[in-house]
Amino acid sequence: MKRSFPIFAVITAILLAYAFYEAIWVAPMERTMGDVQRIFYYHVPSAWTAFLLFFVNLVASVIYLVRRNPRADAVALVSAEVGVVFCTIVLVTGPIWARPVWGIWWTWDIRLTTTLVLWLIYVSYLVLRRFSDSSQTPKLAAVLAIFGALDVPLVYFSIWFFRTQHPQPVIGGGGSIDQRMLHVLLINWLAFSCLALAICWARYRLELLQREVEEVESLESLRGVPQ
Amino acid sequence: MNSTGFLYAAYIATWLIHGLYLASIVRRYSRLRQRMKELGKGE
Amino acid sequence: MSSISSITWATLTKDIRLEWRSKDALNSMLFFSLLVVVIFSFSFDPNAEESREIAGGLIWVAFLFAAVVALNQTWARELRNQVLDAYRVSPAPATALFVAKALGNFILVSVLEALMAPLFMIFYNLRVLGPAWQLIPVAILGTWALVVNGTFFAAMSLRTRSREIMLPLLLFPISIPAVQSMVEATRIILSGDGAARFWIVLLLTYDVVFTTACLALFETVLQAE
C-alpha cells in the first residue's frame, strides 16, 4: 500500500497536467463568454468531488454509529475535511467566474446556494470535532453528519421553490453541453477525483499517526514518565 | 482580454488552496514524526 | 408507553414550576426580546416601504435570537445538579427527557414570541393582508423546528469548549430551510401576495424529519456525555 502511493501520486499529477492542457487549449471557445468559461472545468468537477466526499462522510458516520469502528470515524473526519477544501474551491471559483460574465459576484442560484449551505454544515461539523474534548466526539460528530445529510434535500427544495418565485441568473447556465466540452469536463473530473483520493490518503495517514501519538502519550502519562 | 485574468485567478486560487492544505498535512506529519521519535527515546 | 408520558409530564411540570418560581431567566429573556425588537426598529426604518416588505424576515430573525438565548440554558440546571448522570443510569427512556425539555423550550419561546409579535405589529404598523389564520400553523411549526433541533444541539454542545457559541453554530446552518420557509410564509401572508401553502408543507416536512431524527438519536447523545 505504501509503495503504490508514489506511483498513484505521479499518475494523478500527469492526469492533472493533461486535464489542464485539455481545458486551456483543446476545449472549444465558448461563444458568449470567451476564455473565462474555462473556469467551468475546475468549478464543476470540484463540486462533484465535494458532494461525493460528503456522501462518503455520511456512509462512514453511519458505519461508525452502527459498528463503533474507529477507522470508520477516521474516514469520516478525513472525507469531511477534504470535502470542505473542495467545497471552498467551488465557492471561490464560482464568484470569480460570475463577476466578468454576469457582472455580479454572487447570485443566490440554486447550485451555488446549496453548496454554500453544505459548506456551512460541514464547517460546523469540523468545529464540533475541534471543540469537543470528550472521547465521545466521534459519536456526536456522526450524529451531526446524519442531521446534515437529512437537511440537504430540504435545503435543495426550499431554494428551488424560492427560485421559481424570485428568478435570478444561473451560474453555469442551463441547457445542453457541447460534446467536446463534456469530454474535457469528464477528464478534469477524473483528474480531480484522483487528486481527492491522494489527498484523502495523505490525510488519513496523518490521522492514524496522530491517534497513535495520542495513545502513546496517554500511556506514558499514566505511567508517570516525565515528558 | 481582461476577463482572461479572471481565468488565471480561478485556476491559481484552486491550486493555492490545494497546495496550502497539502502543505499543512506535510508539516503536521513531520512534526508528529518528530514527536513519535521523542516518545520512543523517552521509554 | 404510559411511563414515557408520565415521565415527560413530570419533567415538564417540574421545569415549568422551577422556572415560574425563580422567574429570573424568564424576565431577562423577556427584556432581551424587547431590546431586540427596539434595535431592529432603529436599524430598519419602520416607515420605509422596504422594511414593511422584509418585516416577515425581521420578526423571525428576532425570534431566532430569543430562541438561542432560551435554548442555551436548557440543560444548565441539569448540569449543575448531576441530573443527567441520574438519567443515564435510570431505566427511563431518554426520549421522555428530550420531549419534556423540547416542550418546555417550546412553551418558553412561544411566550417570548407572544410578546414580540404584537410589538413588531405596532412598531412597524403591520397589517395582515392575506389569510391571518395561516400565521398560527407557521408560528407553531416554525417555533417547533427551531426548538426541537435547538434542544438536541444544546445537549450535543454540553461537553464542548465555548458551549454557548457552539449551539447557534450548529443550529443555524441546519435550520436554513426552516428559517427560509418561516420567513417566506410570513412575508406571503402579510402581503397577501401568493400562497404560503408550499412553505407550510415544507415546514411540516422539516418538523417531521427532524423530530424523528432527534427522538431516534437522543439516546446516543445522552450516553455520549
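**Helix faces and a chain contact**

Author: Chain B has 43 residues, and 12% of them count as buried (20 or more other C-beta atoms within 10 Å of a residue's own, with C-beta atoms placed from the backbone; exposed means 12 or fewer, partly exposed lies in between). This is a predicted model: local features need pLDDT of at least 70, side-chain atom pairs count only at pLDDT 80 or more, and totals for chains, interfaces and linings use all residues. Residues are numbered from 1 along each chain as its sequence is written, and chains are lettered from A in the order in which they are written.

Reader: What makes up the secondary structure of chain B?
Author: One helix and zero strands (DSSP runs: H or I, at least four residues, for helices; E, at least two, for strands; numbered from the N terminus). The C-alpha trace spans about 65 × 10 × 5 Å along its principal axes.

Reader: How do you know that the span of α2 of chain C agrees with a helix of its 20 residues?
Author: The expected span is 1.5 Å times one less than the number of residues. For residues 24–43 that gives 28 Å, and the end C-alpha atoms are 28 Å apart, so the two agree.

Reader: Why are the buried residues of α2(C) said to line one face?
Author: The buried residues are C:Met29, C:Ser33, C:Val36, C:Val37 and C:Phe40. They fall within an arc of 95 degrees (directions from the helix axis to the C-beta atoms), so they line one face of the helix. On the other side, exposed residues include C:Asp24, C:Phe31 and C:Phe42.

Reader: What makes residues of chains A and C count as in contact?
Author: Their C-beta atoms, placed from the backbone, lie within 7 Å. By that test, 27 residues of chain A are in contact with 26 of chain C. α5(A) gives the most to chain A's side, with 15 residues.

Methods
Contact = placed C-beta atoms within 7 Å.
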